[in-house]
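Please open the model in your viewer and keep the selection tool at hand. The tour proceeds by selections, each followed by a description of what is found there.

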Amino acid sequence: MAGLQIKKLVKSYGAMNVLHGIDLDVQDGEFLVLIGPSGCGKSTLLRMIAGLDDISEGELWIGDSLSNKLPPQQRNISMVFQSYALFPHMTTRKNIGFGPKIRREAANAIDTKVNKAAEVLNLHDYLDRLPRQLSGGQRQRVAMGRTIVREPDLFLFDEPLSNLDAKLRVQMRTELKALHQQLKTTMVYVTHDQIEAMTMADRIVVMNGGRIEQSGSPLELYDKPVNKFVAGFLGSPAMNFIPGTIERGDGAPRLRMADGSTIPVGGTTAVSGQEVEIGIRPEHFRLAAADSEGFTYQVVVVEPTGSETHIFGTIDGVGVRCVFRDRIAPEPGSLMKLSIDLDKVHVFDRRTGNRI
């Protein structure tokens, strides 16, 4: 196993930079997830780690080795792609054992590796089947089996679950996390799905525009996003944002909205008169204890899901989604009184987007 150290990494295509001096340390045995919107540079960074794309500037260390110029086959890494890329005419056994065979390892050593990978991935019953006889999840496990037999220092995953249906993605998330717990090998995983990132990662790196916006544990990023971009990117349903002006006086600071109504915002360093946006996650709204308390919310659409009730409505004309554990059924167009725990309100500068 090995850690990974990235120093001032730059990727340029002519005069255009797509990565702008990335600094990142990945600890030995860590499960790190790179997440961000399409075009943010996360897959490019993964390909540079793999040696599939050249490094324009900076340093890439895998373990104790400077790896900028090392070809992929000398980096002792394994990569799982979005496409399974299995040989259609080979059985599962031969697909998994293909790499060791090409490296001319002994036949008994190959059998041992294939059987070990099959045990880890629960593939013993499918070793003699062709890819066309396997489900999507089973094919992805075969692709992972090919990486396991290499016994790499570093696993790389490039959106490996995006071709699976929703049910299989949930199952494979669990299996990948269990695989990491069993192998304890360093893994770098790229996805645009924030649910995958939140449920699987030891640490998440949020990227945007070729730069790192924030790095930390899933709950750290969820509870304390450094800016509006991170706050809005993590969470499903997404965080709500309501613009207004900070007003201070007696009691807690509050947001004054365009219609003159206010929402208390708790502790913030924002000064009176500062233009901000407050962020409230859908699950942090509560029904006010009395009509005289809280702030007014107009219901537009009610979406019961069984375990939760999702409501889309407006506060001062701004679209806001709420999620309640209770089975409430307000009428579309009706008014509700809502409140919120002041500790759950996030305040962002409207000009810079940074958390205040």
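**Where two domains meet**

The C-alpha centres of domain 1 and domain 2 lie 39 Å apart in this predicted model. To see the two parts, select residues 4-232 as domain 1 and residues 237-349 as domain 2, and give each a colour.

Next, display the residues at the boundary. Seven residues of domain 1 are in contact with eight residues of domain 2. Between the two domains an area of about 710 Å² is buried, and carbon and sulfur atoms give 56% of this area.

Now select Tyr-222, Lys-228 and Ala-231. Together these residues supply 70% of the area that domain 1 buries against domain 2, more than any other three residues.

Keep Lys-228 selected and add Glu-277. What do these residues form with each other? Lys-228 and Glu-277 form a salt bridge, in which the closest N and O atoms are 2.9 Å apart. Across the interface of the two domains, one salt bridge is found. Three residue pairs in polar contact are also found across this interface, with both residues at pLDDT 80 or more.

Then select the helices α7 (218-223) and α8 (228-233). Each of them supplies at least two residues of the side of domain 1 that touches domain 2. Which element gives the most to this side of domain 1? The answer is α8, with three residues.

Finally, colour the side of domain 1 that touches domain 2 by residue class. Three nonpolar, two polar and two charged residues appear there.

Methods
Residues are numbered from 1 along each chain as its sequence is written. This is a predicted model: local features need pLDDT of at least 70, side-chain atom pairs count only at pLDDT 80 or more; totals for chains, interfaces and linings use all residues. Side-chain values use heavy atoms; hydrogens and water are left out. Domain bounds come from an automatic or database domain assignment. Contact means heavy atoms within 4.5 Å. Buried area is the accessible area (1.4 Å probe) that two parts lose on being put together, summed over both. A salt bridge is a side-chain nitrogen of Lys or Arg within 4 Å of a carboxyl oxygen of Asp or Glu. A polar contact is a pair of N or O atoms within 3.5 Å; within protein, one must be able to donate a hydrogen and the other to accept it, and residues adjacent in sequence count only if both atoms are side-chain atoms. Helices (H or I, at least four residues) and strands (E, at least two) are DSSP runs, numbered from the N terminus. Ala, Val, Leu, Ile, Met, Phe, Trp, Tyr, Cys and Pro count as nonpolar, Asp, Glu, Lys and Arg as charged, and the others, Gly among them, as polar.
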